[in-house]
Amino acid sequence: MQRWIWGSSEGNWVSIEDRYTVDPTKPAWQLDTKEEATDLTWYVNADWWNTDFGKDIVTKKIKEDLNINIKFITGDDTKLNTFFAGGDMPDMLTVFDSNSPVVQKAATWAMPLNDLAEKYDPYFNTVAAADTLNWFQLADGKTYGYPNYSNTQADYDSGNIPAKTAFVIRKDVYEALGSPVIGTPEQFASVMQEIKQKFPTLIPFGFNAVGEGTGSLGDTLQDFIGVPLETESGEFYDRNQDEDYLTWLKTLNTVYRDGNISDDSFADDGTAFEEKVKSGKYATMLLDGTPQQGGNLQIYMSANPGKDYVAIDGPQSIKGNAPTLNQSGITGWMINYISKDCEDPAKAIQIFTYLLSEEGQTLMNYGIEGETYQTKSDGTVELLPAVKDLQLNNADKFKKDYRMGEFMFFGHDRHKALSADAFPEAIKQMQEWGKGKLKPHFILENISPDQGTPEARALSAINAKWNTTLVSMIRSKDDASLDNALAAYKSFLGENRWEEIVKVRSEKMKQNKEKLAIQ
């Protein structure tokens, strides 16, 4: 393979004359007569990605259907950058940061999906979402990357996307307290105090690990109490300074001073938090990413009948705003590309089409009919008893042998609606509670200043400052300390190009509305 530098080639446009004739009504993988298996390298910019291929039921079927061998390579940004510094480019790439130069400059190193579809597999356009393709379109009018978990307005409207955020309480605690309402700051502080008295071994209130971000106490809490996404005139709104939100932060400070938020909660990493979820250590939690915690919640539920966590309304807006819970947006998560050096771009676009199709989605989520699942008379699917048992009782073996729900390059939540087995029992009531409370945050996606600009550097400093400020406010020893921490943060904004950042964000919000024709 050639040595590669930014923009050095037009792509390896192979001929398919002796293999198949394209047909817009049929996926090209079903037409391709190429006999020898195609070997492709696929780089995933994440060290944790499982590099096995062809051993579990999902990837074995992909290997057979498409007649391919995939060699996965993993790494971090340093490794990714070596490719663009003149290393051998992989055939396909998956990255996670939609604001990175790799994504912004995709036209210089990746092949356009529009052209690949037209030349090799027009069926791609029937399985790809037009809004998602438009969203990722670059200045040349072409789209180079396609993500997983990209939700369009139609997906939100369908009701098939479950909420992933919930305020939860242990059922035994809730019942012992007489099913209290905790919507106002006063009610919240009072119930936390009552929990401490009646359940002294529990931590009254928990939240996702903060780390260098805000855990579930930043935009998750803001969404929960319905903080506006924009100003009345459609400009960027600083949600961190919202009066409603600040009142709730002051309430959390009261709860902390009462001894009902543990200091450990601010130091815990994701693993420590998960261990406490698994053992039911928190009486209540503001939980973001319920599917990600589904396994831990299920382990706790199975071992503690009648004490499982249930979602309740929890903290509410003082102004009467309804919750505006966020889910995966149109940007999605993993963004997938075919590089200009791809050995067989025809086969690569076939992979995209296959994994995006109903067939591929069903395989990735549920495996193979008759082997791992059966279709019921109402059209829904259910895992076979032995498979379900493995999923519940031997998660490691399930992962290794089946890998369902994990190989999700082009995964989408709407396919989870096909089966009651798509999510663990432990989170189903939480998802039910969330119905009707989702609101797309499309206008706020990818609005940060471009990497490398003074505004981007300033925003990085501001985000770090907000992390420490948020923690300081909640842990303040008195009202004056809290007010001082907030005042220092406001001064910091003024010293770090905040007005310019707001302008950039407002302009990018305007562009987002134009892309998606949002009024």
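Let me begin with a single residue, Asn 67, which is partly exposed, with a relative accessible area of 25%. Bear in mind throughout that what we are looking at is a predicted model. Asn 67 sits in the loop that runs between α1, residues 57-66, and β2, residues 68-74, and its backbone is worth a look, since Asn 67 is not a glycine and yet has a positive phi of about 55°.

There is another residue of this kind further along the chain, namely Ala 517, where phi is near 55°, again a positive value in a residue other than glycine. Ala 517 belongs to the segment after α22, which covers 498-515, and Ala 517 is exposed, with a relative accessible area of 59%.

Let me now turn to the sheet. In what order do the strands of this open sheet of 4 strands run? The order is β6-β7-β5-β8, and the pairing is mixed. The edges are held by β6, residues 203-207, and β8, residues 309-312, and because each of these has a single partner strand, one side of each is left without a neighbour in the sheet. If we ignore direction, neighbouring strands in this sheet are turned by 25° against each other on average.

I would like to stay with β8 for a moment. Its pairing with β5, residues 165-170, is antiparallel and extends over 4 bridges. Two of the residue pairs can be named here: Ile 169 in β5 has Val 310 as its bridge partner in β8, while the bridge partner of Phe 167 in β8 is Ile 312. As for the side chains, Tyr 309 and Ala 311 point one way from β8, whereas Val 310 and Ile 312 point the other way, and all of them are buried.

What packs on this sheet, touching β5 and β8? That is helix α19, residues 425-433, whose direction makes about 0° with that of β8.

Finally, the internal spaces. How many cavities of 30 Å³ or more does a search of the whole structure find? The search finds 2. The largest cavity has a volume of about 40 Å³, and here we meet Phe 167 again, for the lining is made up of Phe 167, Phe 188, Phe 205, Leu 221, Trp 248, Leu 252, Leu 286 and Pro 315. Sorted by class, that lining has 8 nonpolar residues, with no polar and no charged ones.

The second largest cavity, with a volume of about 30 Å³, brings us back to β8 and α19 by way of its lining, which consists of Leu 297, Tyr 300, Met 301, Asp 308, Tyr 309, Ala 426 and Met 430. Which elements give two or more residues to this lining? They are α14, residues 290-303, and α19, and of the contributors α14 gives the most, with 3 residues. By class, the lining of this second largest cavity has 6 nonpolar residues, no polar ones and 1 charged.

To draw the threads together, Phe 167 is both the bridge partner of Ile 312 and part of the lining of the largest cavity, while Tyr 309, a buried residue of β8, is among those that line the second largest cavity.

Key:
Residues are numbered from 1 along each chain as its sequence is written. This is a predicted model: local features need pLDDT of at least 70, side-chain atom pairs count only at pLDDT 80 or more; totals for chains, interfaces and linings use all residues. Side-chain values use heavy atoms; hydrogens and water are left out. Two strands pair if DSSP finds at least two bridges between them. Axes are lines fitted to C-alpha atoms, for helices over the stretch in contact, and angles run from 0 to 180 degrees between N-to-C directions. Contact means heavy atoms within 4.5 Å. Buried means under 20% relative accessible area, exposed over 50%, partly exposed in between (1.4 Å probe, protein chains only). On a 1 Å grid over the protein atoms alone, a cavity is a set of points where a 1.4 Å probe fits but cannot get out, and a pocket is an open set with protein on both sides within 12 Å along at least five of seven lines; lining residues have an atom within 4 Å of a point. Grid points are joined across faces, edges and corners, and a volume is the space filled by probe spheres set on the points. Ala, Val, Leu, Ile, Met, Phe, Trp, Tyr, Cys and Pro count as nonpolar, Asp, Glu, Lys and Arg as charged, and the others, Gly among them, as polar.
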